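Take a first look at the fold shown here. We will start at one helix, step back to the whole chain, and then return to single residues.

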Amino acid sequence: MKPSCAALAVSALLAVPALAAPAPAASAAAADEARTIVSELVACGTRNSLSSWTDPRRGIGCGRDVAVKRFGEIAAKSGGRLKVIVDKYETSGPRTGNVKVPMENVYAVLAGTDPLRSKTAYVVSGHLDSRASDVMDAKSDAPGADDDGSGVAASILSAAALSTRPGGFRATLVFAAVAGEEQGLLGARRLKEWLGQQGYQVGGMITDDIVGATNGSRDRRPRVFSEGGPDGVESPGREMARRLEELVGRERVRLVFRRDRFGRGGDHLPFAEAGLPAVRFTEPLEVYEHQHQDVREDKGVQYGDLIRFMDFPFLAEVAALNQAILAELAAAPAPPKSAVLGGAVTSAAKITVDAEPDPDRKGFEILQRETTDTRWKVLRAVDQPGQVVLDNTSTDNEFFAVRSVGRNGHKSLAVPCVPAPAPPVGSVPARPPGR
């Protein structure tokens with residue numbers, strides 16, 4: 001019998017020297033809480049989005065109730081700062097038979113404390129729904145422990161950790177548990193729409209999807225997927241991934257520079273496709289026999305997304321990483337509005353920074369990297385927006401970016417420097433020097 005792809009992948013990873021253990025971050029109590037949350041979701045039998053919304057014991061409505069109860073308990077401890085919202089809507093798609101069906105998302109919203117930043121939202125989401133082998137099968141058991149009870153647990157754990165922070169955060173945090181992912185990312189599309197209806201600008205979005213197991217991998221770092229932009233390198237999501245790695249270190253996260261796993265997708269995609277910062281967290285090694293499968297045993301192989309395959313300390317660590325980047329960005333000033341690069345065919349790079357006034361901003365950092373490098377280095381700190389001249393610096397060999405730095409030390413996402421817009425058609429361009 002030929003070994004499965006998963007078995008081959010496990011063998012390959014076991015042959016790699018073990019990485020240094022990540023710095024401790026997640027507590028044993030968080031791991032225990034994650035186990036309890038996932039157990040409650042699994043007890044719903046199935047959470048297929050086409051199953052019952054009204055049965056309290058079986059179906060997607062049971063899963064919604066778990067999320068509402070958990071977020072409600074956290075809201076009660078927050079002194080009223082965290083607000084729980086059940087967003088009911090109708091939607092359709094090929095995986096609903098192109099017929100409108102009811103859906104519900106659950107949001108826990110921690111309002112920002114600063115009027116300058118409170119309408120910027122940083123979002124973390126897991127999807128409530130699960131599936132059997134047939135995505136339209138709303139009756140068979142579909143425990144969905146890892147896909148995606150784990151992501152819902154990460155969102156709930158993050159709400160619990162961040163909603164009681166003294167002083168709150170400048171920007172708004174939204175902790176979500178959405179439906180309809182398996183039916184075509186329907187809940188995520190609704191989440192993006194809802195945020196816009198409430199007047200929020202999305203400053204960053206995380207989807208936690210399949211973040212509950214390590215499956216024997218010696219590399220215990222979660223993978224963080226971020227797509228590139230038109231050049232294949234820069235994008236708002238890529239800057240979010242880089243900032244996360246800078247915060248926590250390469251020993252705790254593994255950046256993967258692609259929009260998602262090959263041939264697959266997740267709830268960050270509606271946000272990334274809109275040009276918003278969005279990333280996906282996923283476990284280091286997936287076992288496909290445990291995903292999108294009817295629960296069964298066949299030729300000695302156990303199929304199905306069962307809780308016994310979970311790694312709850314790992315899940316708690318993923319939640320802690322979520323909390324690190326969410327807290328950083330929600331406490332930081334807004335990124336610069338723009339960063340324009342000039343100085344072609346000269347011996348100096350000229351960077352013009354435009355930013356809204358912010359009394360809590362200390363200044364900016366100019367970042368640089370060789371065109372063949374993937375990570376930024378801090379080149380210079382500046383106090384004010386305007387033009388920065390970098391003498392004896394080639395615009396040909398390096399890329400540049402700018403980020404805001406708060407008086408509290410927190411830093412925004414980087415904004416890559418781009419050339420000035422081309423002059424209008426019909427205008428006479430200035431002659432570059434040296435030509």
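Start at glycine 79, just after helix α3, where phi is positive at about 70 degrees. This is a predicted model.

Now look at the helix that comes before that glycine. Helix α3 covers residues 60-77, which is 18 residues. From its first C-alpha to its last, α3 reaches 26 Å, close to the 26 Å expected at 1.5 Å a residue. Which residues of α3 are buried? The list opens with Ile60, Gly61, Cys62, Gly63 and Arg64. It goes on with Val66, Ala67, Arg70, Phe71, Ile74 and Ala75. In an α-helix there are 3.6 residues a turn, so residues three or four places apart point the same way. The cover over the buried residues of α3 includes two helices, α2 (28-42) and α4 (145-162). Strands β1 (82-91), β2 (101-110) and β4 (172-178) are also part of that cover.

Two residues of α3 deserve a closer look. Valine 66 sits in this helix. Is valine 66 buried or exposed? Valine 66 counts as buried because its relative accessibility is 8%, and the cut-off for buried is under 20%. Leaving aside neighbours within four places in sequence, valine 66 is in contact with Ile37, Glu40, Leu41 and Cys44. Leucine 128 is 62 residues away from valine 66 in sequence, yet their C-alpha atoms are 9.6 Å apart.

Glycine 72 also belongs to α3. Its setting is another matter: glycine 72 is partly exposed, with a relative accessible area of 30%. Between glycine 72 and isoleucine 85 there are 9.7 Å, C-alpha to C-alpha, and the two are 13 residues apart in sequence.

Step back to the whole chain. The protein chain holds eight helices and 18 strands. The chain is as compact as a globular protein of its length, because its radius of gyration is 23 Å, close to the 22 Å that the globule rule gives for 435 residues. Its C-alpha atoms fill a box of roughly 75 × 55 × 50 Å along the principal axes. Of the 435 residues, 54% are buried.

Contacts reach along the sequence too. Take those between residues at least 6 apart in sequence: 75% of them join residues at least 24 apart. The surface comes next. The accessible surface of the chain is about 18,900 Å², and carbon and sulfur atoms account for 54% of it. As for charge, there are 54 positive and 54 negative side chains. The centres of these two sets lie 2 Å apart.

Move on to helix α5, residues 186-197. Helix α5 has 12 residues and spans 17 Å from first C-alpha to last, close to the 16 Å expected. Its buried residues are Leu186, Gly187, Ala188, Arg190, Leu191, Trp194 and Leu195. What do they pack against? Their partners are β1, β2, β3 (120-127), β4, β5 (201-208) and α7 (269-273). After α5 comes glycine 199, with a positive phi near 85 degrees.

Finish in a strand. Glutamine 368 lies in β13, residues 361-370. Glutamine 368 is buried, at a relative accessible area of 12%. Setting aside residues up to four places away in sequence, glutamine 368 touches Arg375, Trp376, Lys377 and Leu379. Glu398, Phe399 and Phe400 are also among its contacts.

Technical notes:
Residues are numbered from 1 along each chain as its sequence is written. This is a predicted model: local features need pLDDT of at least 70, side-chain atom pairs count only at pLDDT 80 or more; totals for chains, interfaces and linings use all residues. Side-chain values use heavy atoms; hydrogens and water are left out. Helices (H or I, at least four residues) and strands (E, at least two) are DSSP runs, numbered from the N terminus. The expected span of a helix is 1.5 Å times one less than its number of residues. Buried means under 20% relative accessible area, exposed over 50%, partly exposed in between (1.4 Å probe, protein chains only). Contact means heavy atoms within 4.5 Å. The radius of gyration is taken over C-alpha atoms; the globule rule is 2.2 Å times the number of residues to the power 0.38. Accessible areas come from the Shrake-Rupley method with a 1.4 Å probe; for residues, only the protein chains shown count as cover. Lys and Arg count as positive and Asp and Glu as negative; His and the chain ends are not counted. The place of a charge is taken as NZ of Lys, CZ of Arg, CG of Asp or CD of Glu.
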